[in-house]
Amino acid sequence: MHNGSEQHMRISIIGTGYVGLVSGSCLADVGHTVTCVDIEQAKVDVINNATAPIYEDGLDELLSRNVGKRLTATMDLEAAVRESELTIIAVGTPFDGDQIDLSYIRAAAAQIGRALREKSDWHTIVVKSTVVPGTTEDVVLPILELESGKIAGVDFGVGMNPEFLREGDAVYDFMHPDRIVLGGIDVRSLSTLRDLYAPFEGVDVVETTPRTAEMIKYTSNSLLATMISFSNEIGNLCATAGNVDVKEVFDAVHLDRRLSPLLPDGSRIVPSFTTYLEAGCGFGGSCFPKDVKALIAYGKERAASMSILEAVIETNNKQPKKMLDLLFKHIPDITGKRIALLGVSFKPGSDDVRESPALPILDGLLHAGAHIQIHDPIVKSLPGMLETGGELTWHSDLTTAIRDVEAILVTARWEQYAKLPGMLQDESISPLVIDGRRMLDKTLLPNYAGIGISEPLSRTLADEDRLDRLE
Ligand code: NAD
């Protein structure tokens, strides 16, 4: 992937969150010189000590290999911009309740613009944050021009380069991209972006306008979120159908050759796309919920119907409650009862709890007065939690987390939770296991409930008679 012969660049990256820090570490590792900028001193200090302030597989190794050599962190944005030739904006773009909140983007653009005022060399500014179509050209570019007193395309370049990394696999994804999307306001901006990614060989590169690049990112995330809510809607229907398990349904749907192509030898390619076609307790994280909502708001401003994506959010908002419904159906009063909750982050391999479905579930358990035993392989606390009616204890050991509980709720698909059936064999009582990710073998658990399963239909005497005659 890394051809080693290309021109290396001096890069500044604004924002050292999941995207900024992973991009910065990987770009340094392939040979560029990178300065990471953040407004939080603590993050800057931790990075300069070659430790990651977030959990991502492989990130610590990248930092220890590059910090102090090709990677440094600072709070001095203007100096970082002046001393680099390309600046990547990777600050957060939350949803403010009505629309995308561009305040961090605006602030970063204004600071970069002020730094450019003092700089005579050509500079390129690239938006990597996820922003609604038009933001780079209609918001960032005018702020840069205003604050720098310079003209885009004449004195500096502007581009948009969305990021597709998946949290939990962020380093791998950045180093092995499935596509690189480059949006440029002109030929020179695009050419600079091409140089930035020159070390990544053999990857499909899409060169386009900033607006299209922005739209590509939202379309990708919205498609995946739609697949999940579609699966959950089908799962919720299966739960009412009588003697139907959504897992069996989707396992068979996945066998469609258009979803998992058949090879001539009869084997199949099983794309990871099929993992978005499974029912569960809903999607979370810092991207899907806010991005789908931002796109809906963007569409509404343009009088475009966004009814599919509205339904995606509506279904997803209700999905964590399905776990509580299942629990209360089996154990109507959980006051003072011990309940284990396994998996707090929104997905395995990540410590990100933003919009995690585990949070409303936790909240519901606490309000119902349960004693919750939490396990998560990485997350060890939830700052600012919680208005409680119940009690909450953290367990780093899975065995102690599930000891003496009445019910176990699996809310994230960590591999080690697949061992639950074996672990529970040694317990004297069989707690109710509610599988929010449909990852457990239900035949091995006597007291199993899961999203998308309906009870066997009770047979009428007429049915029995008919079946007898068929046999
Ligand atoms: P984050 O909240 O983890 O990090 C943002 C960082 O920017 C914070 O450390 C914050 O302190 C810093 N910051 C804010 N204003 C600043 C300023 N003026 N100067 C310097 N630093 C500043 O966000 P994230 O998850 O890395 O996401 C960043 C962007 O990338 C968002 O638009 C997001 O939608 C997009 N994105 C995220 C992912 C993901 O998996 N997290 C994937 C693709 C795209």
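In this predicted model, the ligand is surrounded by 27 residues, and the closest of them are Asp38, Lys43, Thr93, Glu167 and Lys290. Sorted by class, that shell consists of 10 nonpolar, nine polar and eight charged residues. Among the secondary-structure elements, α1, which spans residues 18-29, and α5, which spans residues 103-117, each contribute at least two residues to the shell. At the level of domains, residues of the shell come both from domain 1 (10-208) and from domain 2 (244-450), and the ligand therefore lies between the two.

Several polar contacts can be followed atom by atom. Asp38 places a polar side-chain atom 2.6 Å from an oxygen atom of the ligand, while Glu167 has a polar side-chain atom 2.7 Å from a ligand nitrogen atom. Val19 takes part through its backbone instead, with a polar backbone atom that is 2.9 Å from an oxygen atom of the ligand. Taken on its own, the ligand has 830 Å² of accessible area, and the protein covers 91% of it.

Away from the ligand, attention can turn to the aromatic side chains, for which the structure holds five aromatic pairs. One of these joins Phe174 and Phe200 in an edge-to-face arrangement, with 5.9 Å from centre to centre and 80° between the planes. The two partners come from distant parts of the chain, 26 residues apart, since Phe174 belongs to helix α7 (residues 170-175) and Phe200 to the loop between α8 (187-196) and β8 (205-208). Are these two rings buried or exposed? Phe174 has a relative accessibility of 4%, and because buried means under 20%, Phe174 counts as buried. The same cut-off applies to Phe200, which at 6% relative accessibility also counts as buried.

Another edge-to-face pair is formed by Phe283 and Phe288, with a centre-to-centre distance of 5.9 Å and an angle of 75° between the planes. Phe283 is buried at 6% relative accessibility, and Phe288, at 14%, counts as buried too. Returning to Phe174 and Phe200, ring pairs link these two residues with Tyr197 into a cluster.

A further buried position is found in helix α13, which covers residues 358-367 and contains Leu366. The relative accessibility of Leu366 is 0%, so Leu366 counts as buried. Along the chain, Leu366 and Thr335 are 31 residues apart, and in space their C-alpha atoms are separated by 9.0 Å.

The backbone also deserves a careful look at two loop positions. Ala303 is not a glycine, yet its phi is positive, at about 60°. This residue sits in the loop between α11 (288-301) and α12 (307-330), and with a relative accessible area of 74% Ala303 is exposed. Glu355 likewise is a residue other than glycine with a positive phi, in this case near 55°. Its place is in the loop between β9 (338-342) and α13. How far is Glu355 covered, and which accessibility class does Glu355 fall into? With a relative accessible area of 44%, Glu355 is partly exposed, because that class lies between the 20% limit for buried residues and the 50% limit for exposed ones.

Terms used. Residues are numbered from 1 along each chain as its sequence is written. This is a predicted model: local features need pLDDT of at least 70, side-chain atom pairs count only at pLDDT 80 or more; totals for chains, interfaces and linings use all residues. Side-chain values use heavy atoms; hydrogens and water are left out. A residue is near a molecule or strand if one of its heavy atoms lies within 4 Å of it. A polar contact is a pair of N or O atoms within 3.5 Å; within protein, one must be able to donate a hydrogen and the other to accept it, and residues adjacent in sequence count only if both atoms are side-chain atoms. Accessible areas come from the Shrake-Rupley method with a 1.4 Å probe; for residues, only the protein chains shown count as cover. Helices (H or I, at least four residues) and strands (E, at least two) are DSSP runs, numbered from the N terminus. Ala, Val, Leu, Ile, Met, Phe, Trp, Tyr, Cys and Pro count as nonpolar, Asp, Glu, Lys and Arg as charged, and the others, Gly among them, as polar. Domain bounds come from an automatic or database domain assignment. Rings of Phe, Tyr and Trp (its six-membered ring) pair if their centres lie within 6.5 Å; planes under 30 degrees apart count as stacked, over 60 as edge-to-face and the rest as tilted. Buried means under 20% relative accessible area, exposed over 50%, partly exposed in between (1.4 Å probe, protein chains only).
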